Number of protein chains: 2
Amino acid sequence: MSPRQADPGARTGLIEAGARIIAVEGPAAVSARRLGREVGASTSAVYTHFGGMAEFRRAVRGEGFARLATHLDAVPITDDPVADLTRLGWAYCTNALTNPHLYRVMFMEAPIDPADAQTGWDTFERLVSTVQRCMDAGRFVRCPTALHGAEQIWTMTHGVVSVVLSGMIDLDQAEKLLNDMGASVFVGLGDSWNDAGRSIAAGRPSNMGVLAAIRTAPSPSRARPSTGRTSGPPGGKHQSR
Amino acid sequence: MSPRQADPGARTGLIEAGARIIAVEGPAAVSARRLGREVGASTSAVYTHFGGMAEFRRAVRGEGFARLATHLDAVPITDDPVADLTRLGWAYCTNALTNPHLYRVMFMEAPIDPADAQTGWDTFERLVSTVQRCMDAGRFVRCPTALHGAEQIWTMTHGVVSVVLSGMIDLDQAEKLLNDMGASVFVGLGDSWNDAGRSIAAGRPSNMGVLAAIRTAPSPSRARPSTGRTSGPPGGKHQSR
DNA sequence: ATCCATTGCGTAACAGCGTTACCTTACGCC
DNA sequence: GGCGTAAGGTAACGCTGTTACGCAATGGAT
């Protein structure tokens, strides 16, 4: 007694439509009706394939992690693991800043449940193993475990990315922050200032900058045409007190 | 020709109701109808006082910044500016983790416009001036400007807080990260390892931990009763490769 | 004191949202 | 070939933000 079986392509079609809508118009534009219209189905498609919008959003988040993993895996492995770490950081930033809405859905929405956290850490496996290579190479001599080092590097990078997405600092400052804090964290993990500086310079993307493309195409989503000033943090006169 | 003038208390009443609902039930529970019901008015109150839900949310965000400023201003000023900086960091974390929903609204939602970014930096004035004191005391000898140092410290702290809120790491790991990365950043700004360690120890909240209260009351909002495990990052077997 | 322009604000309607009950339809096994 | 099962469309429910409309209240001008 095998009844009609669901179209296997429909599920991935919905997820891709969701990711596309999020990328272009933001998470608010994703609705069951819109998704149905987009794939030529009705609202109930979301319910037969996912059980509800909440589960659907989880699936889209998983797609986001998969895409991030693809970006990270594209980073080559060289004999300078700290430079590789730097390259992973830039790849992470590029992925996040070219798909800000998807990044927000992945890391900045309501707390994800433990299973999703595991998914996140699985995609960071590449980061953890690179930190391990830094330890094996005698660069991160003060790093207790690869996971702890990876947590530091990811937290720092995520902090910078997230602060750029919030509009509190601009891309130029973010670049400075990543360079300076990256060096500080690497040294804190045991590298020497000279070696860290050399590896960070080596890991700097050749087509400087990767972020230039993002800078010229400021907002791939916000419908608001422009409020005028681009501002950033408080001007230069901000030498404190 | 002066017509009936609006109740001046209605505006603040709406904002406070919004902040309260966000804190308890999350941003999704805030609606024009709910707000009207809450203050004994109708949906149009939001429109006469704010012009729409978007403007209203901006006002609530401003309220969040005001509360954060209050928390930061409560931190005493001592003769160890780096310890003061540490205390500011803990105050920031306590504020964020006791009001996670409000924090999310302030820093993790759609890009705020330049005026709001200015508001944010105004509430960080206290942080900037404390970094300046660290420079004046000869502690942050490698820090080019107080604003740059403040950006580093805030970005790092926000990164950790935000990663806790995302559920990817737990509070114990966050505490380690804040201590370790805080030391790295302080040293990167020019402090010595010994001085940084001493000041961080001095700035550690006496009632250790401030976060214990948060840990015991895990989630002041999520209606979901419990999915079972509390997990966190991947278990201990995660020593990489 | 009266009047009236002006604005606050409640009511009701609109379109769109997530979700679900109901029903038709298409499929694989007997 | 027919039947049972599940896919998936239709339509409704209550919710949302937003707005047009109308009544109520108010302070200056008369």
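Colleague: Over which residues of chain A does pLDDT stay under 50, and how many contacts beyond four places in sequence does the model have for them?

Modeller: Residues 220-232 of chain A stay under 50 in pLDDT (the predictor's confidence in each residue, from 0 to 100). The model has 14 contacts (heavy atoms within 4.5 Å) beyond four places in sequence for them. This is a predicted model: local features need pLDDT of at least 70, side-chain atom pairs count only at pLDDT 80 or more, and totals for chains, interfaces and linings use all residues. Residues are numbered from 1 along each chain as its sequence is written, chains are lettered from A and ligands numbered from 1 in the order written, and side-chain values use heavy atoms, with hydrogens and water left out.

Colleague: What does chain A average in pLDDT?

Modeller: Chain A averages 87, and 85% of the residues score at least 70.

Colleague: New topic. How many residues of chain B are in contact with chain A?

Modeller: 62 residues of chain B are in contact with 62 residues of chain A. About 5,300 Å² is buried between the two chains (accessible area, 1.4 Å probe, lost on being put together, summed over both). Carbon and sulfur atoms give 62% of that area.

Colleague: And which rotation superposes chain B on chain A?

Modeller: A rotation of 180° with 0.0 Å of shift along its axis, at RMSD 0.1 Å (least squares on C-alpha atoms of residues with pLDDT of at least 70 in both). The two copies are thus related as by a two-fold rotation axis.

Colleague: Which residue of chain B comes closest to the rotation axis?

Modeller: B:Gly159, with its C-alpha at 1.8 Å.
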